[in-house]
Amino acid sequence: MRSRWPLALVVLGVALASVRCARDMDATTRRWWSHVEILASDRMEGRDTGSEGYRRAGRYVVEQFVRAGLKPAGEIGYYQPVPLRAWRLRADRSAVELFGPDGPRPLRLFHDVTISVGAALPVRVDAGLVFVGAPEDVGAVDVAGKIVVQFAPPRFLAGAQSPVVAVLPPGAAGLLWIESTEGPEPRIWPAPYAVTMTLAESSPVRETAGALDIRLNPASAAPLFDGSGHTFEDLAARAARHEPLPNLALRSRLRATFVTEGAELTSDNIVAALPGSDPEQALDYVVVSAHLDGYGRGTPRAGDGVYNGALDNAGSVATVIGLAERLERTRPRRSVLFPVTTGEE
């Protein structure tokens with residue numbers, strides 16, 4: 001495909017935050033919602049990357065692009081296969097415990113804690129904990145062999161003020177983030193699973209020893225501070241007010257065993273194009289994109305293990321489909337490329 005540099009890149013994130021009710025919808029909104037209902041239905045099984053549910057959702061998107069009159073722009077028709085390497089935590093063979101003044105407390109994976117699976121994930125952990133109130137204090141605190149505990153900033157909140165250690169201090173065993181309940185998209189517990197995917201051609205995710213990156217449910221954080229002279233509730237309130245926080249050598253230790261498994265898979269991007277109506281300007285491409293995959297199946301919530309992903313990200317894909325339908329009727333002068341991607345973006 002010949003093209004000059006793309007004129008614009010439009011990335012559609014979360015589409016509409018809510019839909020009031022069917023009687024208030026206009027025809028465009030009803031059609032948008034019909035796409036969302038199909039893509040986020042149980043039949044799509046949460047559209048996990050590379051799964052049969054994802055392939056089923058991909059076929060639906062292709063059908064809509066064909067119906068809208070878009071041209072195939074993938075490597076195999078509308079499809080662009082993407083080889084991936086995945087590493088997943090085996091929660092059934094892994095365990096995390098907090099050892100405090102009152103003895104051991106098991107922490108349930110995905111309910112109390114979740115982790116980042118990657119090159120830095122150690123197989124075994126047995127380390128003390130130190131709470132560091134501010135990043136500038138890291139050099140003044142003994143973190144050697146210890147896990148640094150911090151309050152995480154609100155997720156996806158630009159400019160959030162938080163005493164976060166951006167880089168793991170030398171000699172530290174890892175980072176433990178107490179998740180925030182604030183922000184536009186606080187983490188929902190239980191977490192579905194812990195998995196990392198990379199392009200198959202990139203460096204493989206290694207199972208070598210390294211540093212731990214763990215996220216703690218704030219509802220499970222109180223025992224961390226037993227015997228420290230401070231309570232989690234008090235420290236969390238001070239952090240919310242952006243007040244200075246102390247540095248604390250906590251009396252708890254964290255012991256864990258992690259088992260991961262790797263897999264090779266292929267998942268398709270869906271790529272379609274609408275040629276521009278102006279012979280000269282058609283060489284410029286506007287890119288409109290959204291990712292199709294979701295979480296698939298994971299830790300059940302209220303007995304339901306399918307993570308349907310209506311707003312993450314069926315709503316955005318439905319918006320892309322709707323825009324393709326409208327642009328095909330108006331035929332813009334510049335060409336429009338519609339990549340609906342796998343593996344997030």
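Start by selecting α4, which has 21 residues and runs 28 Å from its first C-alpha to its last, close to the 30 Å expected at 1.5 Å a residue. That expected span is 1.5 Å times one less than the number of residues in the helix. Helices here are DSSP runs of H or I with at least four residues, strands are runs of E with at least two, and both are numbered from the N terminus.

Before going on, note that you are looking at a predicted model, in which local features need pLDDT of at least 70 and side-chain atom pairs count only at pLDDT 80 or more, while totals for chains, interfaces and linings use all residues. Residue numbers start from 1 along each chain as its sequence is written, and side-chain values use heavy atoms, without hydrogens or water.

**Stop 1: around α4**

Stay with α4 and colour its buried residues (buried means under 20% relative accessible area, exposed over 50%, partly exposed in between, with a 1.4 Å probe and protein chains only). They are Asn313, Ala314, Gly315, Ser316, Val317, Ala318, Val320, Ile321, Gly322, Ala324, Glu325 and Leu327. Now show what covers them: α1, α2, β13 (260-274), β14 (285-291) and β17 (335-341) are among the elements in contact, where contact means heavy atoms within 4.5 Å.

Next, zoom in on Asn313, which lies in α4. The peptide bond that joins Asp312 to Asn313 is cis, with omega about 15°.

Then move to the other side of the helix in sequence and pick Arg331, which follows α4. Arg331 sits in the loop between α4 and β17, and its phi is positive, near 50°, in a residue other than glycine. With a relative accessible area of 36%, Arg331 is partly exposed.

**Stop 2: α1**

Select residues 27-39 to bring up α1, a helix of 13 residues that reaches 19 Å between its first and last C-alpha, close to the 18 Å expected. Trp32, His35, Val36 and Leu39 are its buried residues. Look down the axis of α1: these residues fall within an arc of 100°, so they line one face of the helix. The arc is taken from the directions from the helix axis to the C-beta atoms. That buried set packs against α2 (52-67) and α4 (310-330).

Which residue caps the N-terminal end of α1? Show Asp26: one of its side-chain oxygens lies 3.3 Å from the backbone nitrogen of Thr28. A polar contact is a pair of N or O atoms within 3.5 Å; within protein, one must be able to donate a hydrogen and the other to accept it, and residues adjacent in sequence count only if both atoms are side-chain atoms.

**Stop 3: aromatic pairs**

The structure holds eight aromatic pairs. Rings of Phe, Tyr and Trp (its six-membered ring) pair if their centres lie within 6.5 Å; planes under 30 degrees apart count as stacked, over 60 as edge-to-face and the rest as tilted.

Display Phe65 and Phe338: their ring centres are 6.0 Å apart and their planes meet at 50°, so this pair is tilted. Phe65 belongs to helix α2 and Phe338 to strand β17, so the pair ties together parts that are 273 residues apart in sequence. Phe65 is buried at 1% relative accessible area, and Phe338 is buried at 0%.

Now compare Phe225 and Phe232, a stacked pair with 6.4 Å from centre to centre and 20° between the planes. Phe225 is buried at 2%, and Phe232 at 11%. Add Phe131 and Phe151, and you have one aromatic cluster of Phe131, Phe151, Phe225 and Phe232.

**Stop 4: α3 and its loop**

Phe232 leads you to α3, where Phe232, Leu235 and Ala239 are buried. These three cover an arc of only 70° around the axis, which puts them on the same side of α3. The elements covering them include β8 (147-151), β9 and β12. Turn to the face away from that buried side to find the exposed Glu233 and Ala240.

Just after α3 comes His242, with a positive phi of about 60°. His242 is in the loop between α3 (232-240) and β12 (248-257).

**Stop 5: a cis proline and the confidence colours**

Select Pro190, in the loop between β9 (174-178) and β10 (195-199). The peptide bond from Trp189 to Pro190 is cis, with omega near 0°.

Finally, colour by pLDDT, the predictor's confidence in each residue, from 0 to 100. The chain has a mean of 87, and 85% of its residues reach 70 or more. Over residues 1-22 the pLDDT is below 50, and this stretch has 48 contacts in the model beyond near neighbours in sequence. Residues 205-209 also stay under 50, with 14 contacts beyond four places in sequence.
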